[in-house]
Amino acid sequence: MSEPWAADVEVTVELARALIGEQFPELAPASIEPLGEGWDNAAFLVGGAYVFRFPRRSVAAPLMAREIAILPLLAPHLPLAISAPRFAGTASGAYTWPFAGYPSFRGSPLSAVELDSRAYVRVATALGAFLRALHGLDATAAVAAGLIGDDIGRLDHVERMSKLDGRFASLSAAGLLADPAPLVEFLNAVAPRAPRTDRLTVVHGDLYAKHVMVDAGRMVEGIIDWGDVHYGDPAIDVSIVFEVLPPEARDAFADSYGEIDEETWRLARYRAIYHAALVAHYGHRIGNEELLRAGLTGLHYAAL
């Protein structure tokens, strides 16, 4: 059985160069170098100035189309830069899915740097203000442009636990997770009974350390990778408090974000545990130390 992140199409440098040159001749003959592959997309740095992302799985194609349609509507209203497309590529004979190019951030993912306690407070404050603005947006225009609801049940306990049990078992067998029982007990105790339809907002949907860019001064530069953007529960994003921030920085996030009810806090921790395990398992299986470390750190923080 193939892994869920296995590619349907391998996007090579040659294919990326051909597509960009064909559809955006103003960028040719720019240099192009691979930046890596994620769960859904292959990324390339073009001319040292733009990052182009190409879906590598069929299920990622509509996510890319949604980014292209939705992000330009959100970007002007947010206090941090986001990866809103500057170039929107379309299907061609050689490649049947949309792709996009974005101005490149100069910094590094939060998952790739070390922060001291003061830097974590600065990051927490910035993230709180960013999510307050994002979750406060009027979603009417975005919904009209194609923003959908949570179509994969990100807080569906039955669906999540069916996947999480295997990931915990794999991490434990590898000696990376000592005892998942306390985490499982918490998840079962706070399991969502039904979707909260009374407080839906625009959410990033996959917000964790890899998707937060910080500059050389350890200030948040922007938020990337919006393939999971949807109209959903704000707890999906608030989970970054537990997955990325040490406990001593959480008050700074809350002060910046504004009032957060107890149920949202519980669901945010629930989501953080699930997502951190996914990241750790993925990093372990593909041999990516940065992702493995980010996931294991998230599980540690979420347990505190």
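Okay, let's start with one pairing: strand 5 and strand 6, the latter being residues 99-103, run antiparallel and are joined by three bridges. Before I go on, this is a predicted model, so local features need pLDDT of at least 70, side-chain atom pairs count only at pLDDT 80 or more, and totals for chains, interfaces and linings use all residues. Residues are numbered from 1 along each chain as its sequence is written, and side-chain values use heavy atoms, with hydrogens and water left out.

Quick vocabulary. Helices (H or I, at least four residues) and strands (E, at least two) are DSSP runs, numbered from the N terminus. Two strands pair if DSSP finds at least two bridges between them.

Back to strands 5 and 6. Alanine 88 stands opposite alanine 100 in strand 6, and glycine 89 has phenylalanine 99 as its bridge partner there. Strand 6 also pairs with strand 3, again in the antiparallel sense, over four bridges. There, valine 51 stands opposite tyrosine 102 of strand 6.

So what order do the strands take in the open sheet? Reading across the five strands, the order is 1-2-3-6-5, with antiparallel pairing. The edges are strand 1 (32-37) and strand 5 (87-89), each pairing on one side only. From one strand to the next, the twist averages 20 degrees. Helix 1, residues 13-23, packs on this sheet and touches strand 1, strand 2 (41-46), strand 3 (50-55), strand 5 and strand 6. Contact here means heavy atoms within 4.5 Å. The direction of helix 1 makes about 120 degrees with that of strand 1; axes are lines fitted to C-alpha atoms, for helices over the stretch in contact, and angles run from 0 to 180 degrees between N-to-C directions.

How covered is strand 6? Mostly: four of its five residues are buried. Buried means under 20% relative accessible area, exposed is over 50%, and partly exposed is in between, using a 1.4 Å probe and protein chains only.

Now the aromatics. Rings of Phe, Tyr and Trp (its six-membered ring) pair if their centres lie within 6.5 Å; planes under 30 degrees apart count as stacked, over 60 as edge-to-face, and the rest as tilted. By that rule we get 18 aromatic pairs. One of them is phenylalanine 24 with phenylalanine 52, a tilted pair at 5.9 Å centre to centre and 50 degrees between the planes. Phenylalanine 24 lies in the loop between helix 1 and strand 1 while phenylalanine 52 is in strand 3, so this pair ties together parts that are 28 residues apart in sequence. Phenylalanine 24 counts as buried at 9% relative accessibility, and phenylalanine 52 is buried too, at 0%.

Phenylalanine 52 has another partner, phenylalanine 99: their ring centres are 6.4 Å apart and the planes are at 45 degrees, so that pair is tilted. It links distant parts of the chain, with phenylalanine 52 in strand 3 and phenylalanine 99 in strand 6, 47 residues apart. Phenylalanine 99 counts as buried, at 0% relative accessibility. Stepping back, ring pairs link Phe24, Phe44, Tyr50, Phe52, Phe54, Phe87, Tyr95, Trp97 and Phe99 into a cluster.

On to the nonpolar cores, meaning sets of buried Ala, Val, Leu, Ile, Met, Phe, Trp, Tyr and Cys residues joined through side-chain atoms within 4.5 Å. Which residues touch the most other members in the largest core? Of its 74 residues, those are Leu74, Ile223, Trp226 and Phe253. Helix 10, residues 262-286, supplies the largest share of this core, 13 residues. Leaving aside neighbours within four places in sequence, phenylalanine 253 is in contact with several residues, including Ala124, Leu127, Val238 and Ile260. A second, separate core has 20 residues, among them Ile20, Ala42, Ala61 and Tyr95.

Last, some backbone details. The peptide bond from alanine 28 to proline 29 is cis, with omega near 0 degrees, and proline 29 is found in the loop between helix 1 and strand 1. Arginine 218 is not a glycine, yet has a positive phi of about 65 degrees. You'll find arginine 218 in the loop between strand 9 (212-214) and strand 10 (220-223), partly exposed at 28% relative accessible area. Aspartate 225, also not a glycine, has a positive phi of about 60 degrees. Aspartate 225 sits in the loop between strand 10 and strand 11 (230-232) and counts as partly exposed at 23%.
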